[in-house]
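Please work through the exercises below with the sequence and the coordinates open beside you. Each task is followed by a solution that proceeds step by step.

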Amino acid sequence: MINYWVENLEELVKQLRADSVTITDKMEVVSYGKFIHIMDPEGNKIELWEPNDVEYGKIPGSVTK
């Protein structure tokens, strides 16, 4: 699976839906960010992640943008 860090995930998901991209699940919101999974045209699963930089930065070993 490929993982991409994105900004403004909610707006991106709206655009992806408008472009008929397959979204495989509901957006998951956790303390360190938001996640959702999509499928590319070749059937590969892609994870989109909008980190909450404040909370993510507290995780030992985390890498910031």
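The exercises that follow concern a predicted model, and they take up its strand pairing, its nonpolar core, its aromatic pairs and its salt bridges in turn.

**Exercise 1. Strand pairing around β4**

Task: Determine which strands pair with β4, and in what sense they run.

Solution. Begin with β2 (residues 22-23), which pairs with β4 in the antiparallel sense over two bridges; here T22 stands opposite M39 in β4. Next take β3 (residues 28-30), which is joined to β4 by three bridges and also runs antiparallel to it, with V29 standing opposite K34. β3 and β4 form a hairpin that has two residues between its strands. Finally, turn to β5, which is antiparallel to β4 and joined to it by seven bridges; in this pairing P51 of β5 is the bridge partner of G33. β4 and β5 likewise form a hairpin, with five residues between them, and G43 in that turn has a positive phi of about 90 degrees. As a last step, consider burial: five of the seven residues of β4 are buried, so this strand is largely enclosed by the rest of the structure.

**Exercise 2. The largest nonpolar core**

Task: List the residues that make up the largest nonpolar core, and identify the elements that each supply at least two of them.

Solution. The core has nine residues in all, namely V6, L9, V13, L16, I23, I36, I38, I46 and L48. Assigning them to elements shows that α1 (9-18), β4 (33-39) and β5 (45-51) each supply at least two, and that the largest share, three residues, comes from α1. To see the surroundings of one member, take I36 and leave aside its neighbours within four places in sequence: I36 is then in contact with L9, V13, I23, D25, K26, M27, I46, E47 and L48. As background, nonpolar side chains in soluble globular proteins tend to be buried together.

**Exercise 3. Aromatic pairs**

Task: Characterise the geometry of the aromatic pairs in which W49 takes part with W5 and with F35.

Solution. The structure holds three aromatic pairs. In one of them, W5 and W49 meet edge-to-face, at 5.1 Å centre to centre and with 85 degrees between the planes. This pair links distant parts of the chain, since W5 lies in strand β1 (residues 2-5) and W49 in strand β5, 44 residues apart. W5 is partly exposed, with a relative accessible area of 34%, whereas W49, at 6%, counts as buried. Turning to F35 and W49, their pair is stacked, at 5.6 Å centre to centre and with 0 degrees between the planes; it links strand β4 to strand β5 across 14 residues. Both F35 and W49 are buried. Ring pairs link W5, Y32, F35 and W49 into a cluster.

**Exercise 4. Salt bridges**

Task: For each of the two salt bridges, establish where its partners lie and how exposed they are.

Solution. Start with K34 and E10, whose side chains meet at 3.0 Å, N to O. Because K34 lies in strand β4 and E10 in helix α1, this pair ties together parts that are 24 residues apart in sequence. K34 is partly exposed at 21% relative accessible area, and E10 is partly exposed at 42%. Proceed to K14 and E11, whose side chains form a salt bridge at 3.2 Å, N to O. These two residues are three apart in helix α1, which means that about one helical turn separates them. K14 counts as exposed at 52% relative accessibility, while E11, at 42%, counts as partly exposed.

Definitions and conventions
Residues are numbered from 1 along each chain as its sequence is written. This is a predicted model: local features need pLDDT of at least 70, side-chain atom pairs count only at pLDDT 80 or more; totals for chains, interfaces and linings use all residues. Side-chain values use heavy atoms; hydrogens and water are left out. A nonpolar core is a set of buried Ala, Val, Leu, Ile, Met, Phe, Trp, Tyr and Cys residues joined through side-chain atoms within 4.5 Å. Buried means under 20% relative accessible area, exposed over 50%, partly exposed in between (1.4 Å probe, protein chains only). Helices (H or I, at least four residues) and strands (E, at least two) are DSSP runs, numbered from the N terminus. Contact means heavy atoms within 4.5 Å. Rings of Phe, Tyr and Trp (its six-membered ring) pair if their centres lie within 6.5 Å; planes under 30 degrees apart count as stacked, over 60 as edge-to-face and the rest as tilted. A salt bridge is a side-chain nitrogen of Lys or Arg within 4 Å of a carboxyl oxygen of Asp or Glu. Two strands pair if DSSP finds at least two bridges between them.
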